[in-house]
Structure formats: C-alpha cells, structure tokens
Amino acid sequence: MKKKLFIAVSCLLTALVVLLFTGLFTFKITGDISIPYPIYDVATQFTDLRNWTNWHPGLRGRHPRDLLFSGDPEKVNSSVETTEGTRFTLTAVNSAGIVFKETTQGKTTYRSLIAYSDSMGRTSRVTGIRYAGAWEWLKEKMHPRNKISAELLGLKQFMEDPLAYYGFPIGIIPVTDTLILTRQAIVPAGEINRQFRQSDSDLVAYTEVNKLTGKPYRYVSRKDAGHGMISIAVGIPVNKRAPEAKGMEFLEMPAQGRLLAGRTSGGSARIKALFASMEKYMKDKGLKRVADPLEKYEYLPGQNLDSAHSVEVQIPIY
C-alpha cells in the first residue's frame, strides 16, 4: 500500500514539475516606482516607441537612424529593432499602459508597464511586470537580472533630470540679490539694444553719484507693450537705497524668496525655448509665478542682447 502511495505521489510531483517547467504556468516578476509627473507625461514616455531612446536601458542614447521602426509607434504590433537584432514589439496599448515583448537571439519574453495617478495628479506610480515560466522565475529569484527595475529606474532618472527631459538645466534657487536698481523705458522693438546701453550708462552714473556699490552683471526684463513697442527694464544689484530719480526705481526681492532658474547659451530663439520649458516645468510641478521673469547677463555692457550669450532666466515663484 505504501509503495502504491509513493508511486502515486511521485507521478503527481513529476506531472506537476513537467507542467511548471514546460511553460504551461506563468509567474510574475514585479517592480514599481514613483515619478513626480502627471500620468499623461509619464505614460507618453512608454506608450510611444519613439520616446524609448530617452530612457530604456536597451535603447537609451541611440540615434533613430541606428534603429529600425516598424508601424505606427503608438499602436499594437509596432516595433523597434536594434542593429544587434533585439526587437521590442507592442502587443497591447492604452493611454496609461502597454504590454510588449522583447525578442533577442530567438528568445521572447513579455513585460508590461502601467502608470497610475497619485498625489492629486502631480505624481504617478509606474508598475512593471515581467511574465515568466517557472524556470525563468526560479533563475530570476536565484540570480536577479533586474530588467524591470532597470527599465523603471531609467524612466525615473530621465524624467527627473531637467537637462534631459526639458532640454535645459532648470532648478529652484534662493534669491541672492534682494535690492536691484532699475531703469525702465518703452521703446520701438528695433531700439532695444540702444536703450539697453543708454539705461546701463544712466544706472552706472546714478550709482557713482549716490555712492552705491553695484555688481558687474545685469538683469533685463522685456515685455510686449503693443503697437510694435517693447517695455524694457535694466537692473543693477546694489547694496543700499538712494533717493529715486526720474526713471530710476528700486526692485526689492524677499530674502527668503525662491526663483526658478534656467540657463542657456545663444540668441533670442534659445531664450524663447528656455522660457517655454520653464513654463512647462512650473505647470508640471504646480508652481506659481509671483513676478515678471528676469534675464541675468554676466557680460560687459554695450553688447547686443540678441547675439549669443550665456543667460540665466529667473522667475520668482511660490
């Protein structure tokens, strides 16, 4: 009787092992990560294959010409293949998640990425799942390859790097210049640089007469005044107040205030692109502007504002 029972149990165990290791059962290897961006921005990075070169460990940094894209990169059955022969294919897609397969050296594995909205819509949680047979699952437990973790971490690192994600170094800094002497004027658009030179000359003369200590860099603010006119203000950080003269004003910045700062080199087109990226950054982070932006130039007066210079754009925020 015991022998029959032993044989029955052995057969049952053998059948179970065969079922498990022939792939008839699927196991899940999971990971998850929090990313401080709205779900739409996060999900777009993995539901569109064109964005995978931004963050995926197997594609990051590759030029599109070195990859073979097939089909609509946001639709089921679209794929991207590397020169080494690794292919990623979308097998299911919706606005917040995908299932995809990776085929390399004749071997195929399936994975999924799904984003969930968190923290009032400003933060997203991304869950990654790798579907594996019993043998693959066991190997992963014994010798983790961490493909899911690497993909999730790559996505997070890309989106949290302002230079990579927004195209510019952007961050929050404390106010450093709490008192700025400014001169404002409204001039035709073509006379901005002439007015800059004139205003700078007037500011320097004012600091000398009133014995103010100024700093070598300049702040500039520009706004459209309509009918082809531009409102321009030029500022010099100074150490104290003095009696205000015609056209001269003092701008006070709170010592505990915060600035969103971004840097670029180049002319007006690059500055415009930086402004757009900083506006998106503020929207993504839920920041509010409290005053007009300033452009900080660390160069000697008299140069053309629209030529290539290093400039730091500062936006007072709360």
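User: By class, how many residues of each kind are in the lining of the second largest pocket?
Analyst: A pocket here is an open set of points on a 1 Å grid over the protein atoms alone, with protein on both sides within 12 Å along at least five of seven lines, and lining residues have an atom within 4 Å of a point. Ala, Val, Leu, Ile, Met, Phe, Trp, Tyr, Cys and Pro count as nonpolar, Asp, Glu, Lys and Arg as charged, and the others, Gly among them, as polar. Sorted that way, the lining has 5 nonpolar, 1 polar and 5 charged residues.

User: Hang on, what kind of model is this?
Analyst: Residues are numbered from 1 along each chain as its sequence is written, and side-chain values use heavy atoms, leaving out hydrogens and water. Local features need pLDDT of at least 70, side-chain atom pairs count only at pLDDT 80 or more, and totals for chains, interfaces and linings use all residues, since this is a predicted model.

User: Which element gives the largest share of the second largest pocket's lining?
Analyst: Helices (H or I, at least four residues) and strands (E, at least two) are DSSP runs, numbered from the N terminus. Both β10 and α8 supply at least two lining residues. The largest share, 5 residues, comes from α8.

User: And which element gives the largest share of the largest pocket's lining?
Analyst: That pocket is lined by 26 residues, and among those nearest its centre are Ser221 and Asp292. Two or more lining residues come from each of β9, β10, β11, β12 and β15. The largest share, 5 residues, belongs to β11.

User: Which are the edge strands of the open sheet?
Analyst: Two strands pair if DSSP finds at least two bridges between them. The sheet has 8 strands in the order β8-β13-β15-β14-β10-β11-β9-β12, with antiparallel pairing. Pairing on one side only marks the edge strands, β8 (170–174) and β12 (248–252).

User: Which residue in β13 stands opposite Ile173?
Analyst: β8 and β13 (residues 258–266) run antiparallel and are joined by 5 bridges. Opposite Ile173 stands Leu259.

User: Is Ser199 buried or exposed?
Analyst: Ser199 is found in helix α7, which lies across β9, β10, β11 and β12. Leaving aside neighbours within four places in sequence, Ser199 is in contact (heavy atoms within 4.5 Å) with Arg183 and Val234. The cut-offs, with a 1.4 Å probe and protein chains only, are under 20% relative accessible area for buried, over 50% for exposed, and partly exposed in between. At a relative accessible area of 1%, Ser199 is therefore buried.

Technical notes: Axes fitted to C-alpha atoms, helices over the stretch in contact; angles between N-to-C directions. 1 Å grid on protein atoms, 1.4 Å probe; cavity = no way out; pocket = protein on both sides within 12 Å on 5 of 7 lines; lining within 4 Å.
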